[in-house]
Amino acid sequence: MGTHRFFIKQIDPTSKEIKFPGDIAHQIQHVLRLKQSDCVIVLDGEGNAYQVELSQVDAGETIGKITEVGEVKSGLNINLHLYFPLSKREKVEWILQKGTEVGVYAFHPFISQRSLVQNSEISEKRKTRWESIIREAAEQSGRSRLPTLHKPESLPGAIKIAAASLNKVVAAWVGEGNRILKDALTDTRHLVKRLESVPSLGLFVGPEGGFSENEIEALKQTGAETVSLGVHVFRMETAAVVFPALVMYELSDLKRSE
């Protein structure tokens with residue numbers, strides 16, 4: 001088993017030690033059963049890694065001594081922004097967990113005409129839970145950076161933001177019978193090879209009832225391409241995981257220009 005990894009935000013780079021927050025301290029002591037002098041890796045979510053030797057592990061608090069500081073590269077050749085409709089609690093949590101595992105860079109929940117949830121207001125308790133799910137999935141899957149969780153937007157707002165800020169936008173649509181994902185990624189492959197920075201790709205997944213014709217037209221008007229994910233019709237939460245996984249697979253052989 002490799003060295004255990006934990007994400008902790010806002011680490012003081014000048015400090016010589018790290019005090020672990022309560023939930024991580026509990027995991028270290030009671031789940032992983034780590035002891036004094038054991039070593040772990042602490043990540044700040046921004047690409048910095050800290051080698052830490054545990055110096056105190058007890059009921060009072062858990063503290064580690066920083067022994068080495070370094071930078072870790074994500075290893076991903078593209079930043080995937082996943083746009084998905086708000087839905088039932090268990091579906092959203094599934095998408096955040098599995099999306100993190102397959103390599104999603106940022107999550108953008110939205111409200112559409114047919115999304116099951118029509119209220120974009122998210123309580124602080126739910127936001128904290130979602131962030132915890134993302135963090136635990138990132139630790140488990142060996143991510144070096146934490147995916148960003150954006151606040152919910154209306155679909156028109158999400159489309160506008162994506163068109164203005166991303167290199168390319170692709171929407172999975174059951175009504176698309178001809179264009180497959182491999183074809184839509186042809187120019188993206190050239191971007192990955194050409195750009196010095198990591199290009200960004202937006203992936204839109206429709207709600208349980210699908211995108212309306214007006215919504216598809218709004219996507220297309222901003223330059224988004226529609227693609228088919230295959231002959232089978234996926235559940236919304238399945239498509240939200242399969243879509244980025246397929247993109248990662250299609251582009252996994254590419255290396256960016258240095």
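This report describes a five-stranded sheet, two helix pairs and one buried histidine in a predicted model.

Residues are numbered from 1 along each chain as its sequence is written. Because the model is predicted, local features need pLDDT of at least 70 and side-chain atom pairs count only at pLDDT 80 or more, while totals for chains, interfaces and linings use all residues, and side-chain values use heavy atoms, with hydrogens and water left out.

**The sheet**

Helices (H or I, at least four residues) and strands (E, at least two) are DSSP runs, numbered from the N terminus. Strands of a sheet pair through backbone hydrogen bonds, either parallel or antiparallel. Here, two strands pair if DSSP finds at least two bridges between them. An open sheet of 5 strands has mixed pairing and the order β1-β3-β4-β5-β2. Strands β1 (5-7) and β2 (17-19) stand at the edges with a single partner strand each, so one side of each is left without a neighbour in the sheet. On average, neighbouring strands of this sheet are turned by 40 degrees against each other, direction ignored.

Three of the pairings are set out below.

| Strands | Direction | Bridges | Residue pair |
|---|---|---|---|
| β1 and β3 | parallel | 3 bridges | F6 and V42 |
| β3 and β4 | antiparallel | 5 bridges | V40 and V52 |
| β2 and β5 | antiparallel | 3 bridges | E17 and K65 |

Strand β3 (residues 39-43) is mostly covered, as 4 of its 5 residues are buried. Buried means under 20% relative accessible area, exposed over 50%, and partly exposed in between (1.4 Å probe, protein chains only). Strands β3 and β4 also form a hairpin with 4 residues between them, and G45 in the turn has a positive phi of about 85 degrees.

Helix α1 (residues 22-31) lies across β1, β4 (48-57) and β5, and runs at about 165 degrees to β1. Axes are lines fitted to C-alpha atoms, for helices over the stretch in contact, and angles run from 0 to 180 degrees between N-to-C directions.

**Helix α2 and its two partners**

Two packed helices are described by the angle between their axes and the distance between the axes. The axes of helix α2 (residues 89-102) and helix α3 (residues 124-141) come within 8 Å and cross at roughly 30 degrees. This makes α2 roughly parallel to α3 (angles under 35 degrees count as roughly parallel, over 145 as roughly antiparallel, 65 to 115 as roughly perpendicular and the rest as oblique). Contact means heavy atoms within 4.5 Å. Residues of α2 including V92, L96 and T100 meet residues of α3 including W130, I133 and A137. By class, this contact has 7 nonpolar, 4 polar and 5 charged residues. Ala, Val, Leu, Ile, Met, Phe, Trp, Tyr, Cys and Pro count as nonpolar, Asp, Glu, Lys and Arg as charged, and the others, Gly among them, as polar.

Helix α2 also packs with helix α8 (residues 236-251), at an angle of about 10 degrees and with the axes 9 Å apart. The two helices are therefore roughly parallel to each other. Among the residues in this contact are W94, I95 and K98 of α2 and A240, V241 and P244 of α8. The contact divides into 9 nonpolar, 1 polar and 3 charged residues.

**Histidine 108**

H108 lies in strand β7 (residues 106-111). At 10% relative accessibility, H108 counts as buried. Leaving aside neighbours within four places in sequence, H108 is in contact with H81, L82, Y83, F84 and H150.
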